[in-house]
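This briefing covers strands and how they pair. Please keep the structure open while reading.

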Amino acid sequence: MGSEILEEIKNTIVQRLPPRVQVAKVEFEGPEVVIYTKNPEIITENGELIRDLAKDIRKRIIIRSDRSVLMDPEKSIHKIHEIVPEEAKITNISFDEVTCEVIIEARKPGLVIGKYGTTSREIVRQIGWAPKILRTPPISSEIIQRVRRTLRHNSKERKNILQNLGNKIHREVEIENEWTRITSLGGFREVGRSCLFLQTPNSKILIDCGVNVAGSDDKSSYPFLNVPEFVLDNLDAVIISHAHLDHSGFLPYLYHYGYEGPVYCTTPTRDLMTLLQLDHIDVAHREDQPLPFNVKHVKKSVKHTLTLDYGEVTDIAPDIRLTLHNAGHIIGSAMVHMHIGDGQHNLVYTGDFKFERSRLLEPAVFKFPRIESLVMESTYGGHDDVQPTRNDAEKELVRTIYNTLERGGKILIPVFAVGRAQELMIVLDEYIRHGIIEEVPIYIDGMIWEATAIHTARPEYLSKDLRDQIFHIGRNPFISDVFQKVNGLEERKDIVEGDPAIILSTSGMLSGGNSVEYFKWLCEDKRNALVFVGYQAEGSLGRRLQKGWKEIPLKEDGKTKVFNVKMEIKTIEGFSGHSDRKQLMDYIRKVTPKPEKIMICHGDNYKTMDLASSIYRTFKIETKTPMNLETVRIQ
Ligand SMILES: [Zn+2]
């Protein structure tokens with residue numbers, strides 16, 4: 001499998017490189033081609049040559065040294081410190097004997113790379129080891145350390161995985177691509193457990209694999225993977241659009257049941273979904289409702305994950321090329337573009353997306369090379385789902401905070417750990433810096449801190465404004481002094497008994513977690529305020545408070561106690577990470593080129609239908625609203 005294609009590629013490479021270059025080995029590493037040579041410096045100094053070669057063979061090419069020319073690690077460390085300027089602040093150097101790479105972790109990775117890559121090229125020239133450069137985040141992240149450790153300690157296994165994958169992607173296929181079908185396995189005419197299955201005569205791809213965390217039983221919580229055409233052994237790839245559990249939460253299950261193939265996503269998605277999946281397992285365990293997989297399977301999924309940057313075109317099957325594009329929803333969130341066959345069909349799956357600039361992210365991408373079919377979300381697709389502008393939402397928030405602080409109260413903001421929390425942190429930091437909000441401590445509780453740390457590891461995924469602040473002005477709002485991490489119960493007690501403050505805590509819907517504990521402590525004092533900035537599901541404590549309930553029975557020390565709510569309850573719309581109705585319609589107006597067919601997903605039944613009919617009436621584009629388990633032929 002794959003060997004004939006590899007042989008052909010190898011011949012082209014040998015012919016095209018200058019005769020002085022000694023090619024020791026050419027291998028597939030997943031979708032990429034790796035050239036091992038005894039004189040890597042000649043190739044790396046001829047960047048153009050490699051670019052042309054990559055274009056010819058239509059593959060990404062990686063150059064590494066043959067083992068025989070590698071410098072001893074001890075000496076190499078010495079050399080690296082000589083070559084790299086001290087301001088780069090290297091925090092760790094380790095060597096991967098399997099791939100002949102040196103992994104350099106630094107506070108300022110840009111300085112290890114150097115202008116146009118000069119410094120990293122110098123490293124290869126002097127020590128042979130190919131540098132792999134990683135950012136050491138300014139807030140240390142336990143998850144990133146765990147992920148990096150897992151990859152480091154399992155390098156040999158990882159290499160096998162990638163080689164097998166390379167052969168599988170490059171297998172010869174003989175059947176013509178006469179059709180493409182998509183089957184909705186979850187998240188259609190509902191929100192939760194997103195899962196879409198794509199089939200061609202030659203390959204099978206799963207896009208998203210989520211859980212419905214509000215589901216009452218297995219049947220309503222997990223995608224329909226028990227359909228006869230879905231066979232794990234035949235699956236070529238899984239693509240995860242973003243880290244939220246309703247898109248990534250069921251992924252470990254696939255590995256539990258024997259899936260050995262790859263997962264494609266961005267790096268922030270890999271790290272954040274690992275955080276959320278581990279937390280999900282933990283919470284389920286504590287509530288004595290274990291999930292059908294465990295920590296081992298999350299680890300296995302990390303070992304099988306291939307991360308892609310936005311815009312990077314990658315072969316994921318003999319007849320499918322994948323490109324991820326910014327979706328503007330949370331950090332690392334992606335729109336999935338698939339080029340099927342020799343240009344027969346192009347499908348875009350939007351995932352969750354925001355078609356407006358936020359403080360955190362740029363708006364979703366709307367220009368594609370080609371697009372015939374579009375699968376889009378409709379969370380706020382109903383005709384009355386119009387949200388206030390960001391600006392108005394921020395003003396409303398500032399006013400509420402100002403008034404509460406004036407009367408000596410504390411502000412509790414329950415938030416989801418990923419996305420809204422960081423958006424709010426930036427807003428609050430800015431208003432405090434400009435003296436519009438009085439400088440009071442902002443306490444960051446629970447998983448939010450770890451999720452924020454992961455944001456600080458990937459500034460290149462943030463909005464242009466934030467990148468400018470971080471890289472050019474040298475000011476990172478996430479590490480501002482106003483934010484204080486909360487460690488444990490004693491500190492929480494001190495906070496509620498202390499001076500006026502703002503508290504950001506999970507869960508976002510007051511459905512468990514520390515936000516409920518804060519609520520119990522703060523709700524009976526009328527000076528305090530509770531501010532909702534995100535969606536409150538039916539049945540949650542958050543929704544009940546929005547409806548005006550004033551007597552809330554909650555468990556305390558094993559007994560049920562009724563809490564009399566006297567604090568101000570406020571809901572501020574406009575901070576959502578989803579496009580509202582206007583933005584969804586605007587997206588169809590702007591998306592280029594115009595799709596021929598639009599399938600609507602990720603919305604309540606009525607919103608899905610409402611959006612579909614409005615799109616059809618306004619733009620005369622064929623729309624479909626498949627139910628779960630329906631198959632649509634798109635080509
Ligand atoms: Zn989402």
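Strand β15 (residues 334–340) is mostly covered, with seven of its seven residues buried. The model is predicted. The points below start from β15 and then turn to an open sheet of seven strands.

**β15: burial**
- Both faces of β15 are covered.
- Ala334, Val336, Met338 and Ile340 are buried on one side.
- Met335, His337 and His339 are buried on the other.

**β15: partner strands**
- β14 (residues 320–326) pairs with β15 over seven bridges, in the antiparallel sense.
- Thr323 stands opposite His337 of β15.
- β16 (residues 345–349) also runs antiparallel to β15, and five bridges join them.
- Here Ile340 stands opposite His345 in β16.
- β15 and β16 make a hairpin, with four residues between the strands.
- Gly341 lies in that turn and has a positive phi of about 65°.

**The seven-stranded open sheet**
- The strand order is β12-β11-β10-β9-β8-β7-β28, and the pairing is mixed.
- β12 (305–307) and β28 (631–633) stand at the edges.
- Each has a single partner strand, so one side of each is left without a neighbour in the sheet.
- From one strand to the next, the twist averages 25°.

**Inside that sheet: β8 and β9**
- β8 (residues 195–199) and β9 (residues 204–207) run antiparallel.
- Four bridges join β8 to β9.
- Leu196 has Ile207 in β9 as its bridge partner.

Key
Residues are numbered from 1 along each chain as its sequence is written. This is a predicted model: local features need pLDDT of at least 70, side-chain atom pairs count only at pLDDT 80 or more; totals for chains, interfaces and linings use all residues. Two strands pair if DSSP finds at least two bridges between them. Helices (H or I, at least four residues) and strands (E, at least two) are DSSP runs, numbered from the N terminus. Axes are lines fitted to C-alpha atoms, for helices over the stretch in contact, and angles run from 0 to 180 degrees between N-to-C directions. A residue is buried if 20 or more other C-beta atoms lie within 10 Å of its own, exposed if 12 or fewer, and partly exposed in between; C-beta atoms are placed from the backbone.
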